[in-house]
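Biologist: Please display the model, so that we may go through it together.

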Amino acid sequence: MLDQLLSDLGLARPLDEAQRARLLAAAAQRRCLRPVLVELAAEGAPVDDELAAVQRLRELAAIDADSVATTLADAGVRARTLPLGVEDELLRLVRLKLPDVSAASHAIDVLEADGMRRWGPTGAGAWRSYRRSHGRVTLTRLDDRPTRVELVWRDEPTPRQGLLGRLQRLLTPGQADFDAVALPGFLWPLYLLVRPVRLVLTKLGLRRGATPGDDLGPYLATPVGLTSAFVDQAGIVASDLVVDLGCGDGRLLVDAVTRHGCRGRGIERERGLVDLARRNVERAGLADRIEIVHADAASAPLGDVDVVLVFLPAEVVARLVGPLLARLRPGTRVLAHEQAELVAQPAPQHSTLLVTDDGVTVVHEWRA
Ligand SMILES: C[S@@+](CC[C@H](N)C(=O)[O-])C[C@H]1O[C@@H](n2cnc3c(N)ncnc32)[C@H](O)[C@@H]1O
C-alpha cells in the first residue's frame, strides 16, 4: 500500500519532512492512514506519535459505539451496529441500522434525551416528510465530545437516471424547502408541492430569499479538539481579518480571535445558526471583534479579507475554490479542512494531516 501511494504521488525514499507530510495527508484522504503508518513504522520512519494517536482514536470509537448501543438497548430499541472501515473509526463515527422508521424515531428520542442533537429539519411536518423521503440521519453531541452517530433505517436507493430521476430529484424536498415553510405534522405531504413552487418563484425572482444562496452543505461543527489545531495552520496575526465561510456556531472565529487577537467575520445562511453564533460571540465578550453576517458564502464580498477558513463538503470546496480565489486580494490565504478526499482545481499548495483525540482531518492551503 505504501509503495502504491508513493508511486501515485511521484515520491521516492528517502522522504524529506515536506514529502512525509504530503504522504500522510494523502493516506488520510484515501482512507489508508493506519496501514501506511504501520508500514512506515516497520521501515523505521518516525511516526510513533501518529500511530499512537490513531490507535487511541480506534479505542475511543469502540467506547463510543458501546455506549450508544447500551443506551439504545436499555431503552428497548433494537439497533444493529454496522461495521465501519478502520478509517471511519478515525472520524469517531458510530453507524447503526434500525429495522424501520418508527424504530429510528424512537432511537432519536432516546439519543436526544441522552444529550445528542439530530441534524435536519426541526418542524413536525418537515421532519415527517424528511423521514419519508430519506433513509438516514446524523446526530452529534451537544457537549464537546465529538461522537457522531449515523442512524440508517433504509438503504438509499440508487439514484434513477433519465427523466424519472430528474423528476424525483425535483420533487424530493430538501433543507431549503423545510426552511421556507413550517407545516404542521398532518400536512407533511404538502412538502412535495413546496419544492417546485419555491423553485419556480425563486427562478421568476418573486421570492426574495429568506435564506440566502444555495445550501452548500449541512451543519457539522469542527470537533472541538481539532478547532485550534486547524486555526493554527493559518498563521494568523493580530492585524488579520479572518472569515469563516459557513460559520455554523462561530467556534472557529471565537478560537482565532481569542488566541490571535485578530478580527473575524462569519458568513452563515441558516438564520438559527446566525443567532447561535452571535450568542456565542457575545458570551465570549468578542462582539466588537467578530461580526456574523446572514449571507451567502458563495457571493459575499471578500475583498478586505486576509484569511478564509472553510469546512464544507469536499466536492463543494473543489467547485468553490477557483471562483473563491478570484474574489480575493492577492496574498489572501484560504484554508479548508476535509475528512474526505479533495480533488480541487487549482490543487492546494500544502496539505497537512491533523490527528487529535477528536478525529483526523487534512488541512489544505491555497494563496490567492
Ligand atoms: C460543515 S458546517 C461548518 C461550520 C463551522 N465552519 C465549523 O467548522 O464548525 C457548514 C456550514 O455552512 C453553512 N452553509 C451552507 N451553505 C451556505 C451558504 N450558501 N452560505 C453560507 N453558509 C452556508 C451551513 O449552514 C453550516 O453551518
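Biologist: Which residue in strand 10 stands opposite Val308?
Modeller: This is a predicted model, in which local features need pLDDT of at least 70 and side-chain atom pairs count only at pLDDT 80 or more, while totals for chains, interfaces and linings use all residues. Residues are numbered from 1 along each chain as its sequence is written. Strand 9 and strand 10 run parallel and are joined by four bridges; here helices (H or I, at least four residues) and strands (E, at least two) are DSSP runs, numbered from the N terminus. Opposite Val308, in strand 10, stands Val334.

Biologist: In which sense do strand 6 and strand 9 pair, parallel or antiparallel?
Modeller: Two strands pair if DSSP finds at least two bridges between them. Strand 6 (residues 241-245) has four bridges to strand 9, and Val242 stands opposite Val307. The sense of the pairing between strand 6 and strand 9 is parallel.

Biologist: Why do the side chains of strand 9 point in two directions, and which residues point the other way from Val307 and Leu309?
Modeller: In a regular strand the side chains alternate between the two faces of the sheet. All four residues named for strand 9 (residues 307-310) are buried, a term that requires 20 or more other C-beta atoms within 10 Å of the residue's own, with exposed meaning 12 or fewer, partly exposed lying in between, and C-beta atoms placed from the backbone. Val307 and Leu309 point one way; pointing the other way are Val308 and Val310.

Biologist: How many residues does the largest nonpolar core have?
Modeller: A nonpolar core is a set of buried Ala, Val, Leu, Ile, Met, Phe, Trp, Tyr and Cys residues joined through C-beta atoms within 7 Å. In the largest one, Leu33, Ala107, Leu151, Val308, Leu309 and Val310 have the most contacts. A second, separate core has five residues, including Ala126, Tyr130, Phe178 and Tyr191. The number of residues in the largest core is 80.

Biologist: What is the order of the strands in the open sheet of five strands?
Modeller: At its edges are strand 1 (80-81) and strand 3, each of which pairs on one side only. Strand 3 (residues 116-118) runs antiparallel to strand 4 (residues 136-141) over three bridges, with Met116 opposite Arg141 and Arg117 opposite Thr140. Strand 4 also pairs with strand 5 (residues 148-152), in the antiparallel sense over five bridges. The pairing in this sheet is mixed, and the order is 1-2-5-4-3.

Biologist: How far apart do the C-alpha centres of domain 1 and domain 3 lie?
Modeller: The domain bounds, which come from an automatic or database domain assignment, give domain 1 (2-46), domain 2 (61-155 + 166-210) and domain 3 (224-367). Eight residues of domain 1 and seven residues of domain 3 take part in the contact, where contact means C-beta atoms, placed from the backbone, within 7 Å. On the side of domain 1 that touches domain 3, helix 2 (residues 17-29) gives the largest share, six residues. The distance between the C-alpha centres of domain 1 and domain 3 is 28 Å.

Biologist: What distance separates the C-alpha atoms of Arg20 and Thr352?
Modeller: Arg20 belongs to helix 2. Arg20 is partly exposed, because 17 other C-beta atoms lie within 10 Å. Arg20 and Thr352 are 332 residues apart along the chain, yet their C-alpha atoms are separated by 9.7 Å.

Biologist: Which residue does a cis peptide bond join to Arg13?
Modeller: The residue lies in the loop between helix 1 (2-9) and helix 2. Omega of the bond is about -5°. The partner of Arg13 in this cis bond is Pro14.

Biologist: How many residues of the shell around the ligand are charged?
Modeller: The shell has 25 residues, the closest being Gly213, Leu216, Gly246, Gly248 and Ala297; a residue is near the ligand if its C-beta atom, placed from the backbone, lies within 6 Å of it. Helix 12 (251-260) and strand 7 (263-268) are the elements that give two or more residues to this shell. Ala, Val, Leu, Ile, Met, Phe, Trp, Tyr, Cys and Pro count as nonpolar, Asp, Glu, Lys and Arg as charged, and the others, Gly among them, as polar. By this division, 12 residues of the shell are nonpolar, five are polar, and the number of charged residues is eight.

Key: Two residues are in contact if their C-beta atoms, placed from the backbone, lie within 7 Å.
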